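Here is a quick tour for anyone meeting this structure for the first time. Have a look at the fold, then read on.

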Amino acid sequence: MARITLDNLAHSYSPAPKGDADWALKPMSLTWRDGGAYALLGSSGCGKTTLLNIISGLLHPSRGQVLFGDRDVTTLPTADRNIAQVFQFPVVYDTMTVRQNLAFPLKNRGLPADRIAARVASVARMIGMEDRLDRRARGLTADAKQKISLGRGMVRQDVNAILFDEPLTVIDPQMKWELRTQLKALHREFGHTMIYVTHDQTEALTFADEVVVMSEGRVVQAGTPQSLFDAPAHTFVGYFIGSPGMNLLDAQIAGATAFVDGTAIPLAAPYAPSAGRVQIGIRPDAVRPATEGLPFHLVRVEDVGHHRILRGEVAGTPFNVVVPEGEPIPAGFDRIALDPARIGVFVDDWRIEPRERAA
Ligand SMILES: Nc1ncnc2c1ncn2[C@@H]1O[C@H](COP(=O)(O)OP(=O)(O)OP(=O)(O)O)[C@@H](O)[C@H]1O
């Protein structure tokens, strides 16, 4: 296993990149600790696969370096990087049994038979396939085949890292939850460095210790699931993470007060004046129906079981409020109160700190 360092990486598929738009990956630097579980999260086209391919060696970056430990692997081919990969679709040998499929990477490395048997048994248990070890892969469902792929990815203990590229795409929703939980358990038990690419926030947030959020070829934030939720560094992280995402409203700031469409909203601390587009952001669960405060126009109430979502508008902008189960919704309310401690201030999409903390 290895620490992975991405040092000033950037990539353009164009041989002569001109503007920003020609860079599929804008300059980025990250260090991933040995044995950590990381997710690359972002919507389609944001550059996740490009980054993963650079790490796996399928692609050489236009700029920068990839280090495994202290070793520069930037131009090493995939085969020499000692990594395991699990792709979106199953890669299994149909004519082999489940056992033979799982044992294959270990046999290739010349491991003794007793160690192979022990390791295969332990992985088979984790993916819940002990009862089918002697069945041929042909004829198994796509689900089962993808479980074998996951198991094969995990079977070697000596890899530098395991890379997962949207590995649960073909898995049915019920099973997704189970496999996600198993992957997390596998990580805890085996301690591999794992990098998991997905556009699904639930997968990223449940799997990873640290999530790297990408948007338009840029890393907009890397942090723990909790920090992405509590203090998104960019408006994209705010609305991409959370369900529903963060509410964002255009505002003017004067010291410790934000003004939205003429209504004063107290903030927890004063902010320095800034040029650019200023917005305040707040999670839907940090807002309450009120008798005074910011005018809110309720459009509909959605009951999602453990809470209700009030969908509406503030100053013509869509705005959601989450009301916990059991809490009454006052009839005819038309104002909302925002928890000052949970309001973030964003300038040109980037979070800014209050005056005293900024120094
Ligand atoms: N081989 C290629 N040649 C030219 N442009 C490419 C190539 N592969 C990807 N791109 C472009 O690079 C950008 C990033 O693509 P990438 O596949 O890395 O994103 P992604 O986040 O993995 O998306 P998806 O989840 O849809 O695969 C996109 O604009 C894409 O069109």
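Let's start with a helix pair: helix α2 (residues 98–108) and α4 have axes that come within 8 Å and cross at roughly 30 degrees. Axes here are lines fitted to C-alpha atoms, for helices over the stretch in contact, with angles running from 0 to 180 degrees between N-to-C directions. α2 and α4 are therefore roughly parallel to each other; angles under 35 degrees get that label, those over 145 are roughly antiparallel, 65 to 115 roughly perpendicular, and the rest oblique. The crossing of α2 and α4 is right-handed, the near helix being turned clockwise from the far one by less than a right angle.

On the α2 side, the contact is made by Val98, Asn101, Leu102, Phe104, Pro105 and Leu106, and on the α4 side by Ile148, Gly151, Arg152 and Val155. Two residues are in contact if their C-beta atoms, placed from the backbone, lie within 7 Å.

A word on the source: this is a predicted model, where local features need pLDDT of at least 70, side-chain atom pairs count only at pLDDT 80 or more, and totals for chains, interfaces and linings use all residues. Residues are numbered from 1 along each chain as its sequence is written.

Next comes α3 (residues 113–126), which packs against α4 (residues 142–155) at an angle of about 135 degrees, with the axes 10 Å apart. That makes α3 oblique to α4. α3 passes α4 in a right-handed crossing. Arg119, Val120, Val123 and Ala124 in α3 meet Gly151, Met154 and Val155 in α4.

There is a ligand too, and the residues around it are Tyr13, Ala24, Gly42, Ser44, Gly45, Cys46, Gly47, Lys48, Thr49, Thr50 and His199. To be near it, a residue needs its C-beta atom, placed from the backbone, within 6 Å.

Here is how these groups divide by class:

| Group | Nonpolar | Polar | Charged |
|---|---|---|---|
| Contact of α2 with α4 | 7 residues | 2 residues | 1 residue |
| Contact of α3 with α4 | 5 residues | 1 residue | 1 residue |
| Shell around the ligand | 3 residues | 7 residues | 1 residue |

Ala, Val, Leu, Ile, Met, Phe, Trp, Tyr, Cys and Pro count as nonpolar, Asp, Glu, Lys and Arg as charged, and the others, Gly among them, as polar.

Stepping back, the protein has 9 helices and 22 strands. Helices (H or I, at least four residues) and strands (E, at least two) are DSSP runs, numbered from the N terminus. The C-alpha trace spans about 75 × 50 × 35 Å along its principal axes.
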